[in-house]
Amino acid sequence: MGQFLLICACGGVGAVARFVLNTSIQRSWRKLFPLSTFIINVLASLLAGVAAAAYTYQTVNYYTYLLFVTGFLGGFSTFSTAVNEMVSLAKSKKLVMAAFYFLVTLVIPFGMVIVGWWIGSMGR
Amino acid sequence: MHTYDDGDPRGQSLTAHTEPDHEPAANADSDNPLTRDFEQELLRPHPTGAAAARKPPSVPLAPLKRVQARFNPLADVMVYLVVFIGGCFGTALRYGLWLWLPYRGTTNHLLMAFPPATFIANMIATFVFALLSSYMTQAIWIRKRARQLISRGVGMGMCGGFSTLSAMMIEDITAMHNGGYWGFFLYTMVTFIVGIAVAWFGSWLGLQLTKKRSAKQAVAEALRMQTRAKPAIGVRVPTDPEVAGAHTTDSNDELQSASLAALAATTHTGDPDPDTDEIPVVADPMTGEVK
């Protein structure tokens with residue numbers, strides 16, 4: 001039970017971190033492209049790749065992995081905001097931008113997981 | 001009735017005010033130059049002075065204002081609290097769902113990449129987020145602060161904590177590592193396409209839920225504009241001769257009905273234009289009295 005609550009608290013910390021980063025980026029970014037969500041997802045994917053590699057090579061134990069990936073990174077990264085930004089871009093007739101955002105959100109976080117995996121398994 | 005279909009609309013709307021022979025634009029449609037004028041004035045900001053420059057000068061916040069929530073969203077303790085609680089709750093839901101529906105490893109390469117918990121969590125969170133954000137943009141009857149806290153706490157905190165992209169990407173790479181290339185591709189595509197459909201449906205539903213009430217509010221606002229406070233007895237209200245002309249009462253009525261029509265046109269409620277002749281006998285929604 002304590003483990004469960006700690007994972008939840010990590011998720012809360014992740015959500016707060018996202019709020020801070022999101023607000024700071026949106027303050028200076030005035031363009032159409034939703035940069036803040038994109039940066040957040042890219043960062044979360046990179047860290048998730050590192051964590052997955054670390055867990056696979058038994059550098060960290062399962063509980064730490066859960067705390068970090070399921071807790072913090074789960075609260076930090078967001079799928080719902082990204083999809084809703086795509087939909088609102090498409091609804092305001094910015095179809096090219098919506099398609100570009102869709103493609104970029106699909107490809108770059110995936111690439112970042114691979115890069116993170118490579119970073120995490122470097123010493124092997 | 002005279003039709004205004006040629007020339008400069010701005011000049012013609014002026015003639016519509018001053019010339020006594022023309023009919024008032026009571027049932028104004030979008031072709032009416034008067035409506036267009038009002039719409040232009042209402043929708044387009046006209047900055048003057050330094051604000052009209054291409055890059056208006058920005059004044060940095062005073063140090064004492066920088067730590068106040070009114071001026072700085074990063075100094076808002078309440079939002080931090082709400083986002084933290086929402087994030088905890090969303091993570092609890094996602095982790096609980098994951099414990100309840102654990103991923104069973106299969107050797108089937110197509111189904112290998114389908115962890116049910118992450119998919120269900122992402123879809124529910126996307127739907128709730130779309131519904132909430134479209135509802136909150138329309139629900140002007142809720143106080144602004146309450147709307148902000150709800151959309152931060154439930155939208156950003158809970159839905160953001162419930163949905164996750166990083167776990168999805170890890171599952172993708174795990175499936176790819178185990179050779180499930182098609183499964184990985186199918187899972188990612190299905191997640192995004194179903195997610196977009198769900199988000200579209202959610203935002204549509206949010207607009208439908210608020211449509212009736214926001215239309216009612218727009219009509220009430222228009223009524224309040226029409227039955228604006230009358231001057232006290234004995235107070236003489238000067239009338240602008242350029243606008244009102246010789247026939248004061250008539251032109252004022254024209255102007256009011258035209259502004260009402262313009263307001264109805266700009267609010268875009270989708271309702272037909274109100275019959276302005278009948279509005280004065282409708283009860284005032286605020287006080288209930290019939291004027």
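In the predicted model, the contact between the two chains involves 42 residues of chain B and 41 residues of chain A. On chain B, the side that touches chain A draws at least two residues from each of α4, α5 (116-138), α6 (144-162), α7 (166-177) and α8 (181-226). Helix α4(B) gives the most to this side, with 12 residues. By class, the side of chain B that touches chain A consists of 24 nonpolar, 16 polar and two charged residues.

One helix pair across the interface was examined in detail. Helix α3 of chain A (residues 62-76) and helix α4 of chain B (residues 77-100) have axes that come within 10 Å and cross at roughly 125°. Because this angle falls outside the ranges for roughly parallel, perpendicular and antiparallel pairs, α3(A) is oblique to α4(B). The crossing of the two helices is right-handed. From α3(A), the residues A:T70, A:G71, A:G74 and A:G75 take part, and they meet B:G87, B:G90, B:T91, B:R94 and B:Y95 of α4(B). The contact of α3(A) with α4(B) comprises one nonpolar, seven polar and one charged residues.

Nonpolar packing also involves both chains. The largest nonpolar core has 66 residues, and those with the most contacts inside it are A:A48, A:A51, A:L73 and A:V113 from chain A, together with B:V83 and B:M169 from chain B. With neighbours within four places in sequence left aside, A:V113 is in contact with A:S45, A:A48 and A:G49 in chain A, and with B:M169, B:I170 and B:I173 in chain B. Two of these partners, A:A48 and B:M169, are themselves listed among the core residues with the most contacts.

Definitions and conventions. Residues are numbered from 1 along each chain as its sequence is written. Chains are lettered from A and ligands numbered from 1 in the order in which they are written. This is a predicted model: local features need pLDDT of at least 70, side-chain atom pairs count only at pLDDT 80 or more; totals for chains, interfaces and linings use all residues. Axes are lines fitted to C-alpha atoms, for helices over the stretch in contact, and angles run from 0 to 180 degrees between N-to-C directions. Helices (H or I, at least four residues) and strands (E, at least two) are DSSP runs, numbered from the N terminus. Angles under 35 degrees count as roughly parallel, over 145 as roughly antiparallel, 65 to 115 as roughly perpendicular and the rest as oblique. A crossing is left-handed if the near helix is turned anticlockwise from the far one by less than a right angle, and right-handed if clockwise. Two residues are in contact if their C-beta atoms, placed from the backbone, lie within 7 Å. Ala, Val, Leu, Ile, Met, Phe, Trp, Tyr, Cys and Pro count as nonpolar, Asp, Glu, Lys and Arg as charged, and the others, Gly among them, as polar. A nonpolar core is a set of buried Ala, Val, Leu, Ile, Met, Phe, Trp, Tyr and Cys residues joined through C-beta atoms within 7 Å. A residue is buried if 20 or more other C-beta atoms lie within 10 Å of its own, exposed if 12 or fewer, and partly exposed in between; C-beta atoms are placed from the backbone.
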